[in-house]
Amino acid sequence: MSFYLYLVLGFLGGIPAGMGMGGGTVTIPLLVLIGGVEQKIAQSANLFSFLPMSVGALKTHADNGLLQTQGILWVILPALLFSALGTTLAAALPSDALSKAFGAFLIALAFVGLYKNIQSEKS
């Protein structure tokens, strides 16, 4: 039964990831809340699944001529540095604190989206 549950959760998280909408924002809560997976394991699974998806997305964007490489090092270098720092912090934090921080992030993200939506309707 758990195989089919995780298959469905992967499907539900993979759809927004394939559309470039931040699949981890959906996948991690699905795995934690429905799959009963510990937060750190859910984040690890999300990061691991990102690797093949990013290769496929990169190829698709390259084939469609949508890649801009000018200034890319100024994005990659800090991203690598802060990814390493974030990983170290996540490993040091208890799962409960990590879950609360991720929940707060999602709530803040929802408020930002709501604010932008209200502002765009006023324009």
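This report describes the helices, one helix contact, two pockets and a salt bridge of a predicted model.

## Overall layout

The protein contains 5 helices and 0 strands. Read from the N terminus, its elements follow the order α-α-α-α-α. Along the principal axes, the C-alpha atoms occupy a box of roughly 45 × 40 × 30 Å.

Helix 1 covers residues 2-18, helix 2 covers 23-34 and helix 4 covers 73-92. Helix 3 spans residues 39-63, and helix 5 spans residues 95-122.

## Helix 3 against helix 5

Helix 3 and helix 5 pack with their axes 8 Å apart, at an angle of about 60°. Helix 3 is therefore oblique to helix 5. On the helix 3 side, the contact is made by Gln 39, Lys 40 and Gln 43. Helix 5 contributes Ser 95, Leu 98, Ser 99 and Phe 102. Sorted by class, the residues of this contact are 2 nonpolar, 4 polar and 1 charged.

## The largest pocket

Rolling a probe the size of a water molecule over the atoms reveals where empty space remains. In this model, the largest pocket holds about 990 Å³ of space. Its lining consists of 37 residues, and those nearest the centre of the pocket are Gly 24, Gln 43, Asn 46, Leu 47 and Phe 50. Gln 43 also belongs to the contact between helix 3 and helix 5.

Helix 1, helix 2, helix 3, helix 4 and helix 5 each give at least two residues to the lining of the largest pocket. Helix 3 supplies the largest share, with 13 residues. By class, this lining has 18 nonpolar, 18 polar and 1 charged residues.

## The second largest pocket

The second largest pocket encloses about 530 Å³ of space. It is lined by 16 residues, with Phe 50, Ile 76, Ala 79, Leu 80 and Ser 83 nearest its centre. Phe 50 is also among the residues nearest the centre of the largest pocket.

Two or more residues of the lining of the second largest pocket come from helix 3 and from helix 4. Helix 4 gives the most, with 8 residues. The lining of the second largest pocket is made up of 11 nonpolar and 5 polar residues, with no charged residues.

## Salt bridges

The count for the model is 2 salt bridges. One of them joins Asp 63 to Lys 59, where the closest N and O atoms are 2.7 Å apart. Both Asp 63 and Lys 59 lie in helix 3, and their separation of 4 residues is about one turn of the helix.

Definitions and conventions: Residues numbered from 1 in each chain as written. Predicted model: local features only at pLDDT ≥ 70, side-chain atom pairs only at ≥ 80, totals over all residues. Heavy atoms only, no water. Axes fitted to C-alpha atoms, helices over the stretch in contact; angles between N-to-C directions. Parallel < 35°, antiparallel > 145°, perpendicular 65-115°, else oblique. Contact = heavy atoms within 4.5 Å. Nonpolar A, V, L, I, M, F, W, Y, C, P; charged D, E, K, R; others polar. 1 Å grid on protein atoms, 1.4 Å probe; cavity = no way out; pocket = protein on both sides within 12 Å on 5 of 7 lines; lining within 4 Å. Points joined across faces, edges and corners; volume = space filled by probe spheres on them. Salt bridge = Lys/Arg side-chain N within 4 Å of Asp/Glu carboxyl O.
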